[in-house]
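Visitor: I've never looked at this structure before, and I'd like to learn how to read it. Could you take me through it step by step?

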Amino acid sequence: MNTQKQIEILLVEDNPGDIRLTREALKDGKINNNINVVMDGEQAIEYLKRQNGYANSISPDLILLDLNLPKLSGREVLEIIKNDDALKHIPVIILTTSKAEEDILQSYQHYANCYITKPVDFDQFSEVVKQLEDFWFSIVKIPHK
């Protein structure tokens, strides 16, 4: 068992299959992590700002954000996060099915830390998530608040 601090991940995803795949891929990883899931953009903001039913939410070390979400889109969520002094330090990885150049450009213009198109194949998806884990938790230094 890794004795490092547990990494808190907020997964903002409305597809139950992608939630399951992400959890599976991170379950056997090298890094001790805890994944909290919200399924729409409004819940993401409430979670991050500890509003409504999320008063006791844990501030994430990293956010995995889908762009295509109900209520508030991932684009709107990203913009809110990166314009909030209390949240903008949290790395946000866009993990989405969109390959649209406009989505990629807009995500980086709103200070996404990374943009990844989800592979449809489970093994490829799992490999991408494991590489994310290796990069963001073994190589990159992220702030812990």
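Guide: Happy to. Let's start with a word we'll lean on a lot: contact means heavy atoms within 4.5 Å. Keep in mind, too, that this is a predicted model.

Visitor: Good. Which residues is Val129 in contact with, leaving aside its neighbours within four places in sequence?

Guide: Thr22, Ala25 and Leu26. Val129 itself sits in helix 5, while Ala25 belongs to helix 1, which covers residues 16–27.

Visitor: Let me turn that round. Which residues does Ala25 touch, again leaving aside neighbours within four places in sequence?

Guide: Ser126, Val129 and Lys130. For a feel of the spacing, take Ala25 and Lys130: they are 105 residues apart along the chain, yet their C-alpha atoms are separated by 6.4 Å.

Visitor: Are these two residues, Val129 and Ala25, buried or exposed?

Guide: The idea is to look at relative accessible area, and anything under 20% is called buried. Val129 has 2%, so it is buried. Ala25 comes in at 1%, so it counts as buried as well.

Visitor: How much of the whole protein is buried?

Guide: Buried residues make up 46% of the 145 residues. From the outside, the protein exposes about 7800 Å², and carbon and sulfur atoms supply 49% of that.

Visitor: Back to helix 5. What about Gln124, is it buried or partly exposed?

Guide: Between the buried and exposed cut-offs, 20% and 50%, a residue is called partly exposed. Gln124 is also in helix 5, and its relative accessibility is 48%, so it counts as partly exposed. Try a distance here as well: Gln124 and Ile93 are 31 residues apart in sequence and 17 Å apart in space, C-alpha to C-alpha.

Visitor: And how far is Val129 from Ser107?

Guide: Their C-alpha atoms are separated by 19 Å, with their positions 22 residues apart along the chain. Set that beside Ala25 and Lys130, 105 residues apart along the chain and 6.4 Å apart by C-alpha atoms.

Visitor: What share of the contacts comes from residues well separated in sequence, say 24 or more positions apart?

Guide: Among contacts with a separation of 6 or more, residues 24 or more positions apart account for 65%.

Visitor: Let's zoom out. In what order do the helices and strands come?

Guide: Read from the N terminus on, the elements go β-α-β-α-β-α-β-α-β-α. That comes to five helices and five strands.

Visitor: How does the radius of gyration fit a compact globule?

Guide: A compact globule of 145 residues would have a radius of gyration near 15 Å, and this protein has 14 Å, which agrees. As for extent, the C-alpha trace spans about 35 × 35 × 25 Å along its principal axes.

Visitor: I'd like to try a loop next. Where is Leu72, and which residues does it touch?

Guide: Leu72 is in the loop between strand 3 and helix 3, the latter being 74–82. Leaving aside neighbours within four places in sequence, Leu72 is in contact with Gly41, Glu42, Ile45, Val77 and Ile80. By contrast, the C-alpha atoms of Leu72 and Ser59, 13 residues apart along the chain, are separated by 20 Å.

Visitor: What should I look for in the backbone angles?

Guide: One thing to check is the sign of phi in residues other than glycine. Arg50 has phi near 55 degrees, a positive value. Asn52 has a positive value too, near 50 degrees.

Visitor: Where do Arg50 and Asn52 lie?

Guide: Arg50 is in the loop between helix 2 (41–48) and strand 3 (62–65), and Asn52 is in the loop between helix 2 and strand 3 as well. Arg50, at 42% relative accessibility, counts as partly exposed. Asn52, at 63%, counts as exposed.

Visitor: How are the charges spread?

Guide: There are 16 positive and 23 negative side chains, and the centres of the two sets lie 5 Å apart.

Visitor: Last one: where is confidence lowest, and where is it highest?

Guide: It is lowest in helix 5, residues 122–139, at a mean of 80, and highest in helix 2, at 97. Over the protein, the mean pLDDT is 88, and 92% of the residues reach 70 or more.

Key. Residues numbered from 1 in each chain as written. Heavy atoms only, no water. Helix = DSSP H or I, 4+ residues; strand = E, 2+ residues; numbered from the N terminus. Rg over C-alpha atoms; globule rule 2.2 N^0.38 Å. Buried < 20%, exposed > 50% of the residue type's maximum accessible area, 1.4 Å probe, protein only. Areas by Shrake-Rupley, 256 points an atom, 1.4 Å probe, with all protein chains shown as cover. Lys, Arg positive; Asp, Glu negative; His and termini not counted. Charge placed at Lys NZ, Arg CZ, Asp CG, Glu CD. pLDDT = per-residue confidence, 0-100.
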